Amino acid sequence: MRHRTKLSKIFTISALASGLLLAGCGDDGKDGKDGKDGKDAQSVVGTTTSGFVIPEGAIFVAPDAADGENITEALSLALFEAPEDALVVLPKGRFVVTESIVVNSARGLTVAGHGMNETILDFSTSNGDDAFRFQGGNGITVRDLAVYEAPKNGIKTTNVNGIHITNTATVWEGELESDNGAYGLYPLKSQNVLMENNYAYGSADAGIYVGQSENIVVRNNTAKNNVAGIEIENSSMADVYNNIAVGNSGGILSFDLPGLDKAYGSNVRIFNNQIYANNADNVGAGVVGAVPPGTGVIILASSDVEVYNNQITDNDTTAVAITSYFLIEDDVASYPTSFGATIADGWSPILKNVYLHDNTIARNGGAPRGDLLAPIIGGYTSAQNSTGMAQTFPAILYDGIGELLSNTTDLAGFNMIVGADAAADGVNYDPYGPEDRICANRNINGNPAPEYEDVNTGLVYPTSPADVTQVDAGGNPLPHLLIDQMVNNTYLNCTQPRLPPAVVNFRNNIYGCTGDDLAEAACAL
């Protein structure tokens, strides 16, 4: 059992130690300048395993420390009131850190190790909660290091404009357990977020998470053996591409959850990812703890989402689940009371404008499970569905209930709750127009024949009131469990306009599909 403590003690220091050398400038590891002209270039001491150049004038933390040594004091000294554009370099080896490392309002700071396998910081005996926490500031880079066994979160940033986390790992070793830390890489309430070439393993919540943020690129990362591999929550203008999500409970998630300061997100693109074998038992808590193990992609109460050109394979439950929040809380009548304030801010339990296309989907749904979907699984895999025969569980599953209730005007009263700003932004509970529909087409059946069944699309509820044929004693619609083949499907057979790419401006350089990845093949899809 790993050491755990709830004591939240933050190491602080009154002044910088004398004799620390100051870095010349921060670097993005691409051109060595990060938007600067390079005139103050210094002699090179070495490079990290990712090719990042370490100049002679950096601040070197405990450069002579031996493996297993406690470097907490030296690290905190180096980061306390670090000067603008400081480069702080950690030593090679595995070292102990016993307190949270908190950095306030840094500008242009780069914290670098020598590589995620070369510089390992062990927080297993820490008295703090987060391993690193960056509060405020701009133009911050964390790179070429690994954080192991954080008591709570690995690397958290809040209210940062410009955060670049690259070639960095967060790890909880061993089995996925409920007492592992929550989030691995964790930007929150931030802008211009660039997450690339990272590795996240063993989080009891999300390995790579961006929440309540804007202008986000998450690319070329690997998330393995977490509850949620990669999660975008209540965030706007996010591109998630060229990542690997494997061995998690859920591979890639796009969520809008109630009660947060940023009430809702939009324009999330998930494309060209490898999302496979996400079949770990879910040990998480809260809403993420409800994610059915064996889910490739789940879109929960999140509108304006495009999922395309992904390889989604070997997930036990389903390739893609598209659900309203009514699947989490089904007492519709209670929403004005339970969620009134957050609905006023614009959060919505329903979802609109989700477009799923050109994904290769294979070998999903072979062993569906999870409490959230248990009745639905039971219906599809028995004769209690619209066909009257047991079916392979749908690889694309849409609950349909939010759209149906909007189209029957049963949610019209919610419009009276929505605040003026959210209403002006298009948040409403009107019947769905063509621009609101959930669409899935041109997806590719990757199942090798004849060993596997056809890939299916399923709707728990029909979306048109005219198609409701089963109601309870009170006249409320019952689940119909509609099902059809995915290729040439009847259900969800529509298209939506493509969403625009996200743009990250970090230290005056542009990143993403309209910036440094302009020639990247995934960006042309």
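Right after helix 1 comes E81, and its phi is positive, near 50°. Keep in mind that you're looking at a predicted model.

Let's stay with helix 1 for a moment. Is it mostly covered or mostly open? The helix runs over residues 72–79, and 6 of its 8 residues are buried, so it counts as mostly covered. The buried ones are T72, L75, S76, L77, A78 and L79.

Two of those names come back when you look at F132. This residue touches L75 and L79, and its other contacts include I101, L121, F123 and V147, leaving out residues up to four places away in sequence. G154, I155 and K156 are also on the list of residues F132 touches.

F132 also turns up in the largest nonpolar core, a set of 120 residues in which L109 and F132 have the most contacts. Which strand gives the most to this core? That's strand 9, residues 132–148, with 6 residues. Another core lies apart from it, with 10 residues, among them Y241, V504, F506 and C513. As general background, nonpolar side chains tend to be buried together in soluble globular proteins.

Now for the open spaces. Rolling a probe the size of a water molecule over the atoms shows where empty space is left. Here are two pockets side by side:

| Pocket | Volume | Lining residues | Lining by class |
|---|---|---|---|
| Largest pocket | about 610 Å³ | 21 residues | 16 nonpolar, 2 polar, 3 charged |
| Second largest pocket | about 370 Å³ | 18 residues | 4 nonpolar, 8 polar, 6 charged |

Which residues lie nearest the centre of the largest pocket? They are F326, D330, I401, Y461 and P477. Helix 4 (374–380) and helix 5 (401–407) each supply at least two residues of this pocket's lining. For the second largest pocket, the residues nearest the centre are S303, D304, D425, G426 and V427.

Last stop: G51. You'll find G51 in the loop between strand 1 (44–47) and strand 2 (53–55). Why does G51 count as partly exposed? Its relative accessibility is 38%, and partly exposed covers what falls between under 20%, which is buried, and over 50%, which is exposed. If you want to get a feel for distances in this model, pair G51 with H480: they are 429 residues apart in sequence, and 56 Å separates them in space, C-alpha to C-alpha.

Technical notes: Residues numbered from 1 in each chain as written. Predicted model: local features only at pLDDT ≥ 70, side-chain atom pairs only at ≥ 80, totals over all residues. Heavy atoms only, no water. Buried < 20%, exposed > 50% of the residue type's maximum accessible area, 1.4 Å probe, protein only. Helix = DSSP H or I, 4+ residues; strand = E, 2+ residues; numbered from the N terminus. 1 Å grid on protein atoms, 1.4 Å probe; cavity = no way out; pocket = protein on both sides within 12 Å on 5 of 7 lines; lining within 4 Å. Points joined across faces, edges and corners; volume = space filled by probe spheres on them. Nonpolar A, V, L, I, M, F, W, Y, C, P; charged D, E, K, R; others polar. Core = buried A, V, L, I, M, F, W, Y, C linked by side-chain atoms within 4.5 Å. Contact = heavy atoms within 4.5 Å.
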